[in-house]
Amino acid sequence: MPQLRTLPTRRHPRRTAGTLVALVTIVPLVACSTPAASPGVDEETITIGTHTPLTGPAAAGYSSISAAASAYFDYLNDNGGIHGRSIEYVVKDDAYNPATTQTVVRELVQEDEVLAVVNGLGTPTHSAVLDYLNENEVPDLFVASGSPSWDQPEAYPWTFGYNADYITEGKVLAHHAQETYDDAVYCVLGQDDDFGTDFTVGLTTVLDDLASTQTYSVSNQDVTAQIGAMQAAGCTVNFLATVNGFTALALGTAAKMGYRAQWLSSSSGGDYPTLVGYLGEDVGPALLEGFVSTNYLPFSADDPWVELFRRVNDEYNDGAPFTGNTVFGMSVAYTFAETLARAGEDPTRESLVEALESGEVVGNGIVPLQFGKDSRRAFGGVGITVVEGGVQDYVGEVYTTDTADGDVVVYDGEAVTLENDGIPQT
């Protein structure tokens with residue numbers, strides 16, 4: 001993985017007394033015609049930042065996201081940037097620890113003076129800074145978590161989600177299971193926070209009963225007891241609200257116990273190349289055959305977005321392994337660039353929010369983004385992916401729950417198409 005850029009705290013150049021006199025003379029002349037500079041904006045550069053786990057228990061599953069986003073920003077910068085400005089992405093390691101998240105986000109706002117925080121990762125971690133960012137009116141864009149907490153425009157007007165929410169994922173996976181597996185006994189293993197709780201709410205909205213509901217903590221890398229309980233309950237179809245490392249741990253533990261079941265995962269823990277990396281090339285493909293997950297971003301090898309991201313990955317990301325995290329990180333970077341392009345030639349924190357509330361930022365997903373004045377929800381629909389012969393790809397229909405009663409229905413729209421080589425028009 002390439003070295004991520006960390007920007008030093010900006011310092012004002014030293015000025016002589018003569019320079020200060022000149023400034024006193026000219027500032028009133030330009031004040032009437034030049035808009036006040038927003039934090040993170042100068043004549044040449046837009047500075048944004050994020051918190052993400054580069055170390056700690058979640059790092060192996062997610063550290064490649066910020067590297068992919070940085071690579072896409074480099075690609076945009078080499079093609080003129082947005083409104084003539086380049087984008088600098090300050091990446092801070094929070095080790096998936098909420099206390100550390102609070103520290104590094106304060107550094108981003110107070111020391112690095114970022115225009116926005118973009119794609120802060122994790123439900124427990126980002127929840128720790130949600131109030132701080134909104135109280136300080138810092139755009140909190142595209143949170144890397146499917147918690148419904150981010151979709152509260154009245155309480156948190158500066159926050160916008162990104163992932164399809166966990167309730168939607170749970171509903172769609174439950175619907176798929178009902179349509180696919182006869183006489184199934186359903187169970188769930190979920191993270192012991194809002195991730196697991198919200199996903200399970202989605203499941204139980206559709207399914208009459210779960211034979212076993214198990215939870216895990218990211219601080220305890222042993223799920224033998226949970227998998228044993230699911231096996232004892234006779235579970236044949238198991239849902240997972242797990243991060244990638246714990247998806248692999250669950251499947252690996254089940255295999256060691258001789259326990260065979262069908263596994264269906266949230267997109268947050270369902271990336272095939274990442275899971276093979278955890279499980280190993282020798283056993284991973286066999287354990288993951290038939291594995292089901294959801295997604296909402298371009299996925300197929302021949303999709304123009306995927307082809308573009310592969311080229312960018314090869315040229316700007318040192319040819320790092322191309323995974324779902326690569327697509328995720330570059331999709332986030334594209335969406336921020338699209339937002340920035342619509343925020344005006346001299347963007348401000350306020351104009352970023354206005355651009356998203358306009359409803360004109362559509363992203364690059366299999367369904368368009370749903371942002372608006374009354375919505376901070378990103379994707380309202382997901383597709384089903386299945387691993388077959390070592391290839392993970394979409395199968396069947398795209399589903400949405402955007403109905404009056406929240407039922408799962410087939411989405412009848414189209415995916416967002418690639419234009420202008422992924423460089424938003426200004």
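Accessible areas here come from the Shrake-Rupley method with a 1.4 Å probe, and with that in hand the tour can open on the surface of this predicted model.

**The whole chain**

Select the protein chain and display its surface: about 17,900 Å² is exposed, and carbon and sulfur atoms supply 48% of that area. If you then colour by burial, 55% of the 426 residues count as buried. Switching to a cartoon brings up 14 helices and 13 strands. The radius of gyration is 22 Å, close to the 22 Å that the globule rule gives for 426 residues, so the chain is as compact as a globular protein of that length. Along the principal axes, the C-alpha atoms fill a box of roughly 80 × 40 × 40 Å.

Still with the whole chain selected, consider the contacts between residues at least 6 apart in sequence, of which 72% join residues at least 24 apart. Colouring by charge next, you can pick out 18 positive and 58 negative charges, whose mean positions lie 11 Å apart.

**Residues 45-388**

Now restrict the selection to residues 45-388, the range that an unreviewed UniProt entry annotates as "domain: Leucine-binding protein". Over this range the chain is 43% helix and 17% strand, and a distance drawn between the end C-alpha atoms comes to 45 Å.

**Helix α10 and its cover**

Move on to helix α10, residues 272-279, and show its side chains: Tyr-272, Thr-274, Leu-275, Val-276 and Leu-279 are its buried residues. To see what covers these buried residues, add the surrounding elements, which include the helices α2 (59-78), α9 (244-256), α11 (284-288) and α13 (324-342), together with the strands β11 (381-388) and β12 (391-400). Just after α10, stop at Gly-280, where the backbone takes a positive phi of about 100°.

**Thr-335 in helix α13**

From the cover of α10, follow α13 to Thr-335, which has its place in that helix. Is Thr-335 buried or exposed? With a relative accessible area of 0%, Thr-335 is buried. Leaving aside residues up to four places away in sequence, select its contacts and you will find Phe-142, Tyr-162, Val-361, Gly-363, Asn-364 and Leu-369. For a span across the model, draw a line from the C-alpha atom of Thr-335 to that of Asp-208, which is 127 residues apart along the chain and separated by 38 Å.

**The loop between α2 and β2**

Return to α2 and go on into the loop that leads to β2 (86-93), where His-83 is found. His-83 deserves a look at its backbone, since it has a positive phi of about 50° although it is not a glycine. At 23% relative accessibility, His-83 counts as partly exposed, given that the buried class is reserved for values under 20%.

Gly-80 has its place in the loop between α2 and β2 as well, and at 44% relative accessibility Gly-80 counts as partly exposed. A second distance can be drawn here, from the C-alpha atom of Gly-80 to that of Val-109, 29 residues apart along the chain and separated by 26 Å.

**The segment after β13**

Finally, select Asp-421, which is found in the segment after β13 (409-410). Its phi is near 55°, a positive value in a residue other than glycine, and Asp-421 is partly exposed, with a relative accessible area of 47%.

Methods
Residues are numbered from 1 along each chain as its sequence is written. This is a predicted model: local features need pLDDT of at least 70, side-chain atom pairs count only at pLDDT 80 or more; totals for chains, interfaces and linings use all residues. Side-chain values use heavy atoms; hydrogens and water are left out. UniProt positions are given in the numbering used here, feature names are shortened, and annotations may be inferred rather than shown by experiment. Helices (H or I, at least four residues) and strands (E, at least two) are DSSP runs, numbered from the N terminus. The radius of gyration is taken over C-alpha atoms; the globule rule is 2.2 Å times the number of residues to the power 0.38. Buried means under 20% relative accessible area, exposed over 50%, partly exposed in between (1.4 Å probe, protein chains only). Contact means heavy atoms within 4.5 Å. Lys and Arg count as positive and Asp and Glu as negative; His and the chain ends are not counted. The place of a charge is taken as NZ of Lys, CZ of Arg, CG of Asp or CD of Glu.
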